[in-house]
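Student: I'm new to this one, so please show me where its labels come from. I'd like to see each value set against its rule.

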Amino acid sequence: MWITTYTPYVLMCLASAATLFGLAVYAWRRRSVPAAAPFAGLMVAIAWSNLMTAVEASISAHAFDAKLWVDKFFYLAAPAIPVLFL
């Protein structure tokens, strides 16, 4: 059972993830423009990492196994961020 806590940090991470997903959709619709598709991928990767950070921050410290599970999903996007940035 996961015990969650909601702090302003979680809300800021969720707002950031929503904004980045919006930028990804905007860039994907204009993928004929040079570098728009990699930019959309970068925005999705950063949004995913922000979303996983919000989930991890909302899980209380008593659910250590749940935090490790969320970290595994966080590290799906983390290696893609520097590659897409360059």
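Tutor: Start with surface labels: a residue is buried under 20% relative accessible area, exposed over 50%, and partly exposed in between (1.4 Å probe, protein chains only). Keep in mind that this is a predicted model, in which local features need pLDDT of at least 70, side-chain atom pairs count only at pLDDT 80 or more, and totals for chains, interfaces and linings use all residues. Residues are numbered from 1 along each chain as its sequence is written, and side-chain values use heavy atoms, leaving out hydrogens and water.

Student: Why is alanine 35 called exposed?

Tutor: Alanine 35 has 56% relative accessibility, and that is past the upper cut-off, so the label is exposed.

Student: What makes the phi of alanine 35 worth a look?

Tutor: Most residues other than glycine have a negative phi. Alanine 35 is not a glycine, yet its phi is positive, about 70°. You'll find alanine 35 in the loop between α1 and α2.

Student: What counts as a helix here, and how many helices and strands are there?

Tutor: Helices are DSSP runs of H or I with at least four residues, strands are runs of E with at least two, and both are numbered from the N terminus. The protein chain has four helices and zero strands, in the order α-α-α-α from the N terminus on. Of its 86 residues, 28% count as buried.

Student: How do you know where the predictor is confident?

Tutor: Look at pLDDT, the predictor's confidence in each residue, which goes from 0 to 100. Helix α1 (residues 8-29) has the highest mean, 93, while α3 has the lowest, 81. Over the protein chain the mean is 86, with 92% of residues at 70 or more.

Student: What makes two rings an aromatic pair, and how many pairs are there?

Tutor: Rings of Phe, Tyr and Trp (its six-membered ring) pair if their centres lie within 6.5 Å; planes under 30 degrees apart are stacked, over 60 edge-to-face, and the rest tilted. That rule gives two aromatic pairs. One of them is tryptophan 69 with phenylalanine 73, at 4.8 Å centre to centre and 70° between the planes, an edge-to-face pair. Both residues sit in helix α3 (residues 64-77), four residues apart, about one turn of the helix.

Student: Are those two residues buried, exposed or partly exposed?

Tutor: Tryptophan 69 comes in at 46% and phenylalanine 73 at 31%. Both values fall between the cut-offs, so each residue is partly exposed.

Student: Why is the pair of phenylalanine 74 and tyrosine 75 called edge-to-face?

Tutor: Their planes stand 80° apart, with the centres 5.0 Å from each other. The angle is over the edge-to-face cut-off and the distance is within the pairing limit, so the name fits. Tyrosine 75 itself is exposed, at 53% relative accessible area.

Student: Which residues of α3 are buried?

Tutor: They are Ala66, Val70, Asp71 and Ala77. Seen down the axis, these buried residues fall within an arc of 140°, so they line one face of the helix; the arc is that of the directions from the helix axis to the C-beta atoms. The face turned away from that side carries the exposed residues Phe64, Asp65, Lys72, Tyr75 and Leu76.

Student: What covers the buried residues of α3?

Tutor: The cover includes α2 (36-58) and α4 (80-85).

Student: Why is serine 49 called buried?

Tutor: Its relative accessible area is 7%, which is below the lower cut-off, so serine 49 is buried. Serine 49 belongs to helix α2. Contact means heavy atoms within 4.5 Å, and beyond its neighbours within four places in sequence, serine 49 is in contact with Phe74 and Ile81.

Student: And why does asparagine 50 get the buried label?

Tutor: Asparagine 50 has 19% relative accessible area, still under the lower cut-off, so buried is right. Asparagine 50 is also in helix α2, and it touches Cys13, Ser16, Ala17 and Leu20, not counting residues up to four places away in sequence.

Student: How do you know that arginine 30 lies over the face of tyrosine 26?

Tutor: A charge sits over a ring if NZ of Lys or CZ of Arg is within 6 Å of the ring centre and within 35 degrees of the ring normal. Arginine 30 is 3.9 Å from the ring centre of tyrosine 26 and lies over its face.
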